[in-house]
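Colleague: I'm new to reading models like this one. Could you take me through some of the labels and how each one is earned?

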Amino acid sequence: MSGDDLVEARMRFIYTLRSRGVTDARVLQSMERIDRRDFVTGVFAERAYEDTPLPIACGQTISQPSVVALMTEALQVGPRDKVLEVGTGSGYQAAILSQLARRVYTVERYRTLAQGARAVFERLGLANITAMVSDGSHGLPDQAPFDRIIVTAAAEDPPGPLLAQLRIGGIMVVPVGQSDTVQTLIRVTRQESGYEYEELRAVRFVPLVEGIGQ
Ligand code: SAH
């Protein structure tokens with residue numbers, strides 16, 4: 001793509017997000033600043049601005065941009081927040097969050113993906129992201145509690161350790177349901193008295209898998 005084509009493709013990208021119902025100006029600004037092309041490699045780089053999930057290494061996928069935007073919007077991230085993301089994948093969602101939060105911890109079960117994402121964060125100077133290899137279904141007890149938690153892989157139920165690591169007043173966004181089918185994106189808000197659950201929309205994610213990948 002030539003320079004002009006790139007500028008136009010990125011403008012259309014933001015326009016598509018708006019047309020899919022994304023209204024939060026801070027989220028749109030963050031998605032304008034972070035270039036999805038930096039997170040898609042090889043033959044798929046050409047398709048970085050399409051509103052579609054794309055394959056990445058280890059048989060995983062970078063999520064559909066409008067879903068990234070809507071999940072980020074639902075998370076209501078503030079500039080003082082400490083955020084945990086489970087499922088680093090390409091690192092794209094973490095990069096978007098890095099523009100909105102004070103600090104982002106992101107965990108991935110595949111070392112290859114975590115290393116790849118870390119390299120991109122470094123190249124882009126996204127210094128407030130810490131990427132680690134671990135089974136995110138256990139959360140990150142050493143860094144808890146979190147103001148916000150986002151899970152970008154589908155679990156049958158919101159994992160108990162993640163619920164426990166959410167600060168009172170905190171919000172978690174997580175796709176739930178059987179893998180391989182359509183799942184429901186839910187938002188959990190932790191209150192003094194317990195957890196409040198809201199169903200947001202239908203989504204489709206790769207499954208949350210236990211243990212570290214090979
Ligand atoms: N947020 C990513 C997309 C993630 S795809 C992006 O912006 O590109 C889901 C990712 O979750 C995959 O990379 C998968 O390996 C990872 N994953 C699945 N189960 C996990 C677990 N238990 N702990 C950490 N990562 C997990």
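Modeller: Sure, let's begin with a term: buried means under 20% relative accessible area, exposed means over 50%, and partly exposed is in between (1.4 Å probe, protein chains only). This is a predicted model, where local features need pLDDT of at least 70, side-chain atom pairs count only at pLDDT 80 or more, and totals for chains, interfaces and linings use all residues. Residues are numbered from 1 along each chain as its sequence is written, and side-chain values use heavy atoms, with hydrogens and water left out.

Colleague: Why does Phe-146 count as buried?

Modeller: Its relative accessibility is 0%, and the limit is under 20%. So Phe-146 counts as buried. Tyr-105 has 10%, so that one counts as buried too.

Colleague: What makes the rings of Tyr-105 and Phe-146 a pair, and of which kind?

Modeller: Rings of Phe, Tyr and Trp (its six-membered ring) pair if their centres lie within 6.5 Å; planes under 30 degrees apart are stacked, over 60 edge-to-face, the rest tilted. Here the centres are 6.2 Å apart and the planes are at 70°, so the pair is edge-to-face.

Colleague: How many aromatic pairs does that rule give?

Modeller: Three. Among them is Phe-13 with Tyr-49, edge-to-face at 6.0 Å centre to centre and 70° between the planes.

Colleague: How do you know that the charged end of Arg-103 sits over the ring of Tyr-105?

Modeller: The rule wants NZ of Lys or CZ of Arg within 6 Å of the ring centre and within 35 degrees of the ring normal. Arg-103 sits over that ring, 5.7 Å from its centre.
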